Amino acid sequence: MVYTGSRRIKTFVKGLDEQIESGIPVGTVNLISGTPGSMKSSLAYSILYHNAVKIGLNGLYISMEQDVRSLTEQMKRLGMKEKTDKLLVEDYTSLDKKLRSKKFQKLKFEHDWISRIKTYIESLEKQSFDLMVLDSLDALYALTDLENPRTELYHFFKTLRETEATSFLISEMTQNTDKFSKYGVEEFLCDGIIHLDFKRTGTILSRLERFIGIVKLRNTAYSTQYFPLQHGPDGFTILTREDLEL
Ligand SMILES: Nc1ncnc2c1ncn2[C@@H]1O[C@H](COP(=O)(O)OP(=O)(O)OP(=O)(O)O)[C@@H](O)[C@H]1O
Ligand SMILES: [Mg+2]
């Protein structure tokens with residue numbers, strides 16, 4: 001791990017880090033929850049990308065929904081174009097291939113994907129990654145028959161914590177609910193919840209505005225305000241009360 005001089009991971013969302021004591025505590029497991037299209041993947045990728053490019057932290061992005069090409073193309077369109085060997089993106093196909101390779105032959109071949117991801121994460125050398133994203137929990141659930149979600153998720157979160165990396169698990173929400181995860185237990189097991197939300201504003205020509213809120217962040221004094229979230233050429237920015245009063 002690259003020593004950052006801090007026990008916090010910056011989100012590099014302009015304005016947000018100041019609201020959460022400079023960043024997300026190192027080694028924690030966090031949910032990034034939102035409805036479809038709320039920029040969950042873009043935010044998660046942006047955190048890994050900027051930490052890789054700006055301060056050399058190693059990131060692993062596991063994309064179970066989009067393939068590597070389509071994900072990186074999308075991120076390039078958002079301005080995240082710089083080549084870096086500090087950010088590894090794996091998808092369903094590349095991981096499946098890896099897990100069938102010689103290195104894993106001695107291990108029991110697991111069919112459900114929660115166990116497979118666990119096996120893969122456990123096989124990584126400690127501290128080989130500073131940051132990890134799993135996109136998404138729901139894709140994993142679709143590929144796994146969870147007999148006892150509470151127990152199995154407890155062990156899954158434990159494995160993530162034992163890596164000592166700071167992880168972000170993407171979780172899909174349905175419209176008009178405050179359920180940040182499928183089973184509910186994830187909300188208690190995690191250390192932080194970042195909520196990406198939309199609101200329809202205006203009456204005749206209404207449009208969707210994006211918001212970001214920190215719902216939970218252990219060991220941190222954070223603002224409970226929902227901030228307007230924008231994406232421009234320099235990345236994500238929040239608007240604070242002061243910005244809006246100017
Ligand atoms: N500058 C921008 N500002 C706002 N939205 C943008 C901008 N650039 C692209 N988008 C759009 O935001 C959409 C959502 O992004 P993203 O894929 O990160 O969301 P998501 O929450 O991961 O979606 P899904 O639920 O499909 O996984 C993309 O389709 C993209 O076209
Ligand atoms: Mg996504």
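With 246 residues, this protein would be expected to have a radius of gyration near 18 Å if it were a compact globule, and its actual value of 18 Å agrees with that. Keep in mind that this is a predicted model. Here is a quick tour, going from the whole chain to the sheet, then to single strands, a few odd residues and the ligand.

**The big picture**

- The C-alpha trace spans about 60 × 40 × 35 Å along its principal axes.
- If you count up the secondary structure, you get 8 helices and 11 strands.
- Buried residues make up 35% of the 246 in the protein.
- Take the contacts with a separation of 6 or more: 72% of them involve residues 24 or more positions apart.

**The sheet**

- Now for the sheet: 9 strands form an open one, in the order 5-4-6-7-3-8-9-10-11, and the pairing is mixed.
- Strand 5 (87-91) and strand 11 (235-238) sit at the edges with a single partner strand each, so one side of each has no neighbour in the sheet.
- Going from one strand to the next, the twist averages 25°.
- Helix 3 (residues 92-99) packs on the sheet, where it touches strand 4 (59-63) and strand 5. The direction of helix 3 makes about 85° with that of strand 5.
- As a reminder, strands of a sheet pair through backbone hydrogen bonds, and they can do so in a parallel or an antiparallel way.
- For an antiparallel example, look at strand 9 (residues 207-217) and strand 10 (residues 226-232), which pair over 3 bridges. Here glycine 213 has tyrosine 226 of strand 10 as its bridge partner.

**Strand 3, covered on both sides**

- Strand 3 (residues 29-34) is mostly covered, with 6 of its 6 residues buried.
- In a regular strand, side chains alternate between the two faces of the sheet.
- You can follow the two directions in strand 3: Val29, Leu31 and Ser33 point one way, Asn30, Ile32 and Gly34 point the other way, and all are buried.
- Strand 3 pairs with strand 7 in the parallel sense over 6 bridges. Along that pairing, serine 33 stands opposite serine 171 in strand 7.
- Strand 3 also pairs with strand 8 (residues 192-201), again in the parallel sense, over 5 bridges. In this pairing, isoleucine 32 stands opposite isoleucine 194 in strand 8.

**Strand 6, another covered strand**

- Strand 6 (residues 131-135) is mostly covered too: 5 of its 5 residues are buried.
- One side of strand 6 carries Leu131, Val133 and Asp135, the other carries Met132 and Leu134, and all of them are buried.
- Strand 4 and strand 6 run parallel and are joined by 5 bridges. Tyrosine 61 stands opposite valine 133 of strand 6.
- Strand 6 and strand 7 (residues 166-172) pair in the parallel sense over 4 bridges. Valine 133 turns up here as well, with phenylalanine 168 in strand 7 as its bridge partner.

**Backbone oddities to look up**

- The peptide bond from aspartate 135 to serine 136 is cis, with omega near 5°. Serine 136 belongs to the loop between strand 6 and helix 5 (137-142).
- Glutamine 127 is not a glycine, yet its phi is positive, at about 70°. You'll find glutamine 127 in the loop between helix 4 (113-123) and strand 6. Glutamine 127 counts as exposed because it has 12 C-beta neighbours inside 10 Å.
- Asparagine 219 is another residue other than glycine with a positive phi, near 60°. Its place is in the loop between strand 9 and strand 10. With 11 C-beta neighbours inside 10 Å, asparagine 219 counts as exposed.

**Around ligand 1**

- The residues around ligand 1 are Gly34, Pro36, Gly37, Ser38, Met39, Lys40, Ser41, Ser42, Leu78 and His231.
- By type, this shell divides into 3 nonpolar, 6 polar and 1 charged.
- Helix 1 (residues 40-55) supplies the largest share of the shell, with 3 residues.
- Here's a link back to the sheet: Gly34, one of the residues around ligand 1, is also one of the buried residues of strand 3.

Definitions and conventions
Residues numbered from 1 in each chain as written. Chains lettered and ligands numbered in written order. Predicted model: local features only at pLDDT ≥ 70, side-chain atom pairs only at ≥ 80, totals over all residues. Near = placed C-beta within 6 Å. Nonpolar A, V, L, I, M, F, W, Y, C, P; charged D, E, K, R; others polar. Pairing = 2+ DSSP bridges. Axes fitted to C-alpha atoms, helices over the stretch in contact; angles between N-to-C directions. Contact = placed C-beta atoms within 7 Å. Rg over C-alpha atoms; globule rule 2.2 N^0.38 Å. Buried ≥ 20, exposed ≤ 12 C-beta atoms within 10 Å, placed from the backbone.
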